[in-house]
Amino acid sequence: MSKLFSPTETGAFVARNPGIHPPSYTPGYKTSVARSPKHAKLSLGMTLSEMTGPVFGHDILGDLDNDMILNFAAPGESPIGQRIIVHGRLLDERGRPVPGALIEVWQANAGGRYRHKKESYLAPLDPNFGGCGRVITDDDGYYCFRTIKPGPYPWPNGPNEWRPAHIHFSVFGHGFAQRLITQMYFEGDPLIPLCPIVRTIPDEEAIKRLIAPLDMNHTIPMDARAYKFDIVLRGRRSTLFENRLEGN
Amino acid sequence: MVQPLDTLKETSSQTAGPYVHIGLTPNFAGISGIYDEDLGTRIIEDGVRGERITVAGKVIDGTGTPLKDAVIEIWQADADGLYNSPSETRGEADPKCRGWGRFPVDGADGSFSFETVKPGRVAHPSGRDQAPHLTFWIVARGINIGLQTRMYFADEEEANSEDPILTKIEHQSRVPTLIACKEADGYRFDIRIQGHNETIFFDI
Ligand SMILES: [Fe+3]
């Protein structure tokens, strides 16, 4: 973990807006029922333990880490499915880019099947598709990876429940308080409004911000279409006229 | 109408789902050949300063069943109380203490276990020192937004008794849920997501 950006920013983050995040208890998503705290979370005020966080150097990355079309494929082969590019910027709530941040992604293959021992969907595995990738944002907070558009898949939440096509994102910022896991959906997918996991989010506008639009301007003709997905992490508080407490 | 505030909205959290291991610990998930090794398997490296400790436990749901699909991440200071982070301005942390680890719980019995060093005390904005603690972040299927908690140490009674956070908790009867007990082979810290002795989670 090296110092990748300067000047170094420190200080407390703006409080999370609970209205845009799913509450813990969302009975429409059945697994949450026994996995949600009953007590209110405690507000502890922010300390250095939350303002700091791990940062990863490019030395962890392999050449194909952001290319899920090639990173698991046999030489000369590639996975079945629609070739796409997913790209966007990692910003904070102040609109500033978050550079040098690790983004990890995982997804099902074009048929909607994950490469996981607990996965039981009858759609076939693709021998050329692993389903994970990672990238570190550049100085402008920009990231880009290449993959196959994942398929929707059924899941046992109800008798006939299907997840919309999605890519899982795990995002680090510069402080552990920014740590976030989310999912990206695709513009035009009719399964989005039906999905109990999507609907754990109580705010329609917040749901829309998880839906990546088709981005024809970044499409590679005769090769791959592009989808744009910007991600926003918590921003640090402004310190205007603030008395800095010792140790802060 | 008033002028808009020039702020963006944070991206909403979504559950990590049942296949989180593919993305965060692919080698553990049996997907080899993409990354040389999973990130975060070690919090410390050989030659690290401080007292070596082992922490073990389980993450338990509201029915008393251990989660077998959870992933926990740890964030902690080094033995001197410094974080290995560019946002750490008080000094340079021990380079052998990465301070961050990522551990999938065991798929059969839900247990986790890791080795680290006992962290030093970290200053609190009030000017008082915090008691030594590890930050835990827990994600799994059914958890809609990562759960943050802290692990303190039972054998740091004096530091715990003056900790600015522990002492501020209204329901003192719940404080023991944050304190790892010392056993013969290390510290034990079970996290109860819901129900009897529900662990305190923080809204940070
Ligand atoms: Fe999924």
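**Chains A and B: strands, contact and salt bridges**

Good morning. I begin with a pair of strands in chain A: strand 8 and strand 9 run antiparallel to each other and are joined by 6 bridges. Please keep in mind throughout that this is a predicted model.

Within that pairing, the residue opposite Q183(A) of strand 9 is H168(A). Strand 9 of chain A also has a parallel partner, strand 10 of chain A, which comprises residues 211-212 and is joined to strand 9 by 2 bridges. Here Y185(A) stands opposite I211(A).

Is strand 9 of chain A mostly covered or mostly uncovered? It is mostly covered, since 7 of its 7 residues count as buried. The residues point in two directions: L180(A), T182(A), M184(A) and F186(A) face one way, while I181(A), Q183(A) and Y185(A) face the other, and all of them are buried.

Let me turn to the contact between the two chains. Chain A contributes 91 residues to this contact, and chain B contributes 79 residues. As a general remark, the size of an interface is often expressed as the accessible area lost when the parts come together. For chain A and chain B, that buried area is about 7600 Å², with 59% of it on carbon and sulfur atoms. On the side of chain A, the residues that lose the most area to chain B are R35(A), L42(A) and L44(A), which together account for 11% of what that side buries.

Polar contacts also cross the interface: 43 residue pairs of chain A and chain B are found in polar contact, with both residues at pLDDT 80 or more. Several elements of chain A each supply at least two residues to the side that touches chain B, among them strand 1 (42-43), helix 1 (48-51), strand 3 (102-106) and strand 8 (166-171). Which element of chain A gives the most to this side? It is strand 9 of chain A, with 5 residues. By type, the residues on the side of chain A that touches chain B comprise 40 nonpolar, 28 polar and 23 charged.

Strand pairing crosses from one chain to the other as well. Strand 1 of chain A runs parallel to strand 10 of chain B, residues 202-203, and 2 bridges join them. In this pairing, S43(A) has D203(B) as its bridge partner.

I now come to the salt bridges. Over all chains the count is 23, and between chain A and chain B it is 5. One of these is formed by R102(B) and E104(A), whose closest N and O atoms are 2.8 Å apart. Why does this pair join two chains? R102(B) belongs to strand 3 of chain B, residues 100-104, whereas E104(A) belongs to strand 3 of chain A, so the salt bridge spans both chains.

Are these two residues buried or exposed? R102(B) has a relative accessibility of 1% and therefore counts as buried. E104(A) is buried too, with a relative accessible area of 1%. The pair also belongs to a network of salt bridges that links E104(A), R179(A), E73(B) and R102(B).

Some of these residues are in contact with L24(B), which lies in helix 1 of chain B, residues 20-24. L24(B) counts as buried because its relative accessibility is 1%, and the cut-off for buried is under 20%. Neighbours within four places in sequence aside, L24(B) is in contact with E104(A), W106(A), S170(A) and I181(A) from chain A, and with V71(B), E73(B) and R102(B) from chain B.

My last example lies within chain B. The side chains of K118(B) and D155(B) form a salt bridge, at 3.3 Å from N to O. These residues are 37 residues apart: K118(B) is in the loop between strand 4 and strand 5 of chain B, and D155(B) is in the loop between strand 6 and helix 2. K118(B) is buried at 9% relative accessibility, whereas D155(B) is partly exposed, with a relative accessible area of 36%.

K118(B) also forms a salt bridge with E156(B), where the closest N and O atoms are 2.8 Å apart. E156(B) lies in the loop between strand 6 and helix 2 of chain B, 38 residues from K118(B).

To close, I return to strand 9 of chain A: its residues are buried, and this strand gives the most residues to the side of chain A that touches chain B. Thank you for your attention.

Conventions
Residues are numbered from 1 along each chain as its sequence is written. Chains are lettered from A and ligands numbered from 1 in the order in which they are written. This is a predicted model: local features need pLDDT of at least 70, side-chain atom pairs count only at pLDDT 80 or more; totals for chains, interfaces and linings use all residues. Side-chain values use heavy atoms; hydrogens and water are left out. Contact means heavy atoms within 4.5 Å. Buried area is the accessible area (1.4 Å probe) that two parts lose on being put together, summed over both. A salt bridge is a side-chain nitrogen of Lys or Arg within 4 Å of a carboxyl oxygen of Asp or Glu. A polar contact is a pair of N or O atoms within 3.5 Å; within protein, one must be able to donate a hydrogen and the other to accept it, and residues adjacent in sequence count only if both atoms are side-chain atoms. Helices (H or I, at least four residues) and strands (E, at least two) are DSSP runs, numbered from the N terminus. Ala, Val, Leu, Ile, Met, Phe, Trp, Tyr, Cys and Pro count as nonpolar, Asp, Glu, Lys and Arg as charged, and the others, Gly among them, as polar. Two strands pair if DSSP finds at least two bridges between them. Buried means under 20% relative accessible area, exposed over 50%, partly exposed in between (1.4 Å probe, protein chains only).
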